[in-house]
Amino acid sequence: MSIRRTIENNEEAGIRPSKTYQSFVAAVGGHRELNFIEKDVRNYITREVRNVSEQEDAKEFGKYLLRMKEKNQNFFFELELEEDQSIKLAFWADARSIAAFEYFGDVISFDTTYNTNRYNLVYGSFVGVNHHGQSTLLGCSLMKNEEIESFKWLFQCWLRCMGGNAPKGFLTDQCASMKRALEACMPTTIHRWCIWHIMKNIPSKLNGYKGHAKIEQEMSQVVWNSHSKDSFDRNWNDFLLNFGLVDNKWLSDLYEDRHIWFQSIWITISGQG
């Protein structure tokens, strides 16, 4: 019991399992004097300490959402727990976000590029743009995974929160699960990939090529400075030929899906493209 208490106290204090184990080794005078190894310490932390902590934090999170609802009845939330009472899915939006959607809800961006450190939950945010060109938060979420059913649950919650009014346009990254969920939940909404996410992937996709910095620079020029479909097609083909990238699968797939990301979403919505 004393060893368990030490492990639990050290975990709460942020001491690494390896340090905890070495302290036990030092106390008894060697590894052979212990009837457990470092892996057992790590397993105990995962199985007992963090599990209990995750359940307790999920309970406190639920209480927090209820307190927010008591303070303002326009606060909206939905929470779904796993069988072990840890968080599976959560969505919440305050009254200000709900009111902002009425004015700035034409085109929405949804982003899940952030993970929580402790429980590996995926954080997602719904964001609009106000009349000053500033980002406006329109809802937050936590998800255990990024499967189609999880996104369906989330998008349906968000629609209920916003009175069932789907936006005209929806920007996401290239996640296939998101795409499938959006098609099911918002069939009339125009879905486009966010160019920022695509451009962020260029270094990891093309850094194996000689002169990749110049390739990245030229691709950015093609994407941002082509102002029509025809000019984009010409510039793209010239770019591939100049750098010997005709057979690159990532670029080929990207070009095939250009209708999802190259067209500016506001042009599409206004009926000009």
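This briefing describes the domain layout, two helix pairings and several individual residues of the structure. The model is a predicted one, and the values below are computed from it. The domain assignment of the protein divides the chain into domain 1 (3-49), domain 2 (54-193) and domain 3 (195-260), and the C-alpha centres of domain 1 and domain 3 lie 51 Å apart.

**Packing of helices H5 and H6**

- Helix H5, which covers residues 148-161, packs against helix H6, residues 176-185, at an angle of about 45 degrees, and their axes are 8 Å apart.
- Because an angle of about 45 degrees falls outside the ranges for roughly parallel (under 35 degrees), roughly perpendicular (65 to 115) and roughly antiparallel (over 145), H5 and H6 are oblique to each other.
- The crossing in which H5 passes H6 is right-handed.
- On the H5 side the contact is formed by Ile-148, Phe-151, Lys-152, Phe-155, Gln-156 and Leu-159, which meet Ser-177, Met-178, Arg-180, Ala-181, Leu-182, Ala-184 and Cys-185 on the H6 side.
- Sorted by class, the residues of this contact of H5 with H6 comprise 9 nonpolar, 2 polar and 2 charged.

**Packing of helices H10 and H11**

- Helix H10 (residues 229-243) and helix H11 (residues 249-256) pack at an angle of about 175 degrees, with 12 Å between their axes.
- Since angles over 145 degrees count as roughly antiparallel, H10 and H11 are roughly antiparallel to each other.
- H10 contributes Phe-232, Asp-233, Trp-236, Phe-239 and Leu-240 to the contact, while H11 contributes Leu-251, Leu-254 and Tyr-255.
- The class breakdown for the contact of H10 with H11 is 7 nonpolar, no polar and 1 charged residues.
- Phe-232, one of the H10 residues in this contact, is 26 residues from Arg-258 in sequence, and the two are 9.9 Å apart in space, C-alpha to C-alpha.
- Arg-258 itself belongs to helix H12 (residues 258-261), and with a relative accessible area of 27% Arg-258 is partly exposed.

**Met-143 and Ser-150, between strand S5 and helix H5**

- Met-143 lies in strand S5 and is buried, its relative accessible area being 0%.
- Beyond residues up to four places away in sequence, Met-143 touches Lys-88, Leu-89, Thr-112, Leu-121, Val-122, Ser-150, Phe-151 and Leu-154.
- One of these partners, Leu-89, is 54 residues from Met-143 in sequence, yet the C-alpha atoms of the two are 4.7 Å apart in space.
- Ser-150, which lies in helix H5, is likewise buried, with a relative accessible area of 6%.
- With residues up to four places away in sequence not counted, Ser-150 touches Leu-89, Met-143 and Asn-145, so that Leu-89 appears among the contacts of Ser-150 as well as among those of Met-143, and both centre residues are under the 20% cut-off for buried.

**Other buried threonines**

- Thr-136 is found in strand S5 (residues 135-143) and is buried, at a relative accessible area of 15%.
- When neighbours within four places in sequence are left aside, Thr-136 is in contact with Ala-100, Phe-126, Val-127, Gly-128, Val-129 and Asn-130.
- Thr-20, in helix H2 (residues 17-28), is also buried, with a relative accessible area of 2%.
- Apart from residues up to four places away in sequence, Thr-20 touches Ile-7, Asn-10 and Ile-15.
- Ile-37 is 17 residues from Thr-20 along the chain, and the C-alpha atoms of Thr-20 and Ile-37 are separated by 11 Å.

**Loop residues Gln-85 and Asp-106**

- Gln-85 is placed in the loop between strand S1 (76-81) and strand S2 (87-93), and at 45% relative accessibility Gln-85 counts as partly exposed.
- Although Gln-85 is not a glycine, its phi is positive, at about 75 degrees.
- As background to that value, most residues other than glycine have a negative phi.
- Asp-106 occupies the loop between helix H4 (95-104) and strand S3 (107-115) and is partly exposed, with a relative accessible area of 45%.
- With neighbours within four places in sequence set aside, Asp-106 is in contact with Pro-167, Lys-168 and Gly-169.
- Asp-106 and Ser-150 are 44 residues apart in sequence, and their C-alpha atoms are 24 Å apart in space.

Note on methods. Residues are numbered from 1 along each chain as its sequence is written. This is a predicted model: local features need pLDDT of at least 70, side-chain atom pairs count only at pLDDT 80 or more; totals for chains, interfaces and linings use all residues. Side-chain values use heavy atoms; hydrogens and water are left out. Axes are lines fitted to C-alpha atoms, for helices over the stretch in contact, and angles run from 0 to 180 degrees between N-to-C directions. Helices (H or I, at least four residues) and strands (E, at least two) are DSSP runs, numbered from the N terminus. A crossing is left-handed if the near helix is turned anticlockwise from the far one by less than a right angle, and right-handed if clockwise. Contact means heavy atoms within 4.5 Å. Ala, Val, Leu, Ile, Met, Phe, Trp, Tyr, Cys and Pro count as nonpolar, Asp, Glu, Lys and Arg as charged, and the others, Gly among them, as polar. Buried means under 20% relative accessible area, exposed over 50%, partly exposed in between (1.4 Å probe, protein chains only). Domain bounds come from an automatic or database domain assignment.
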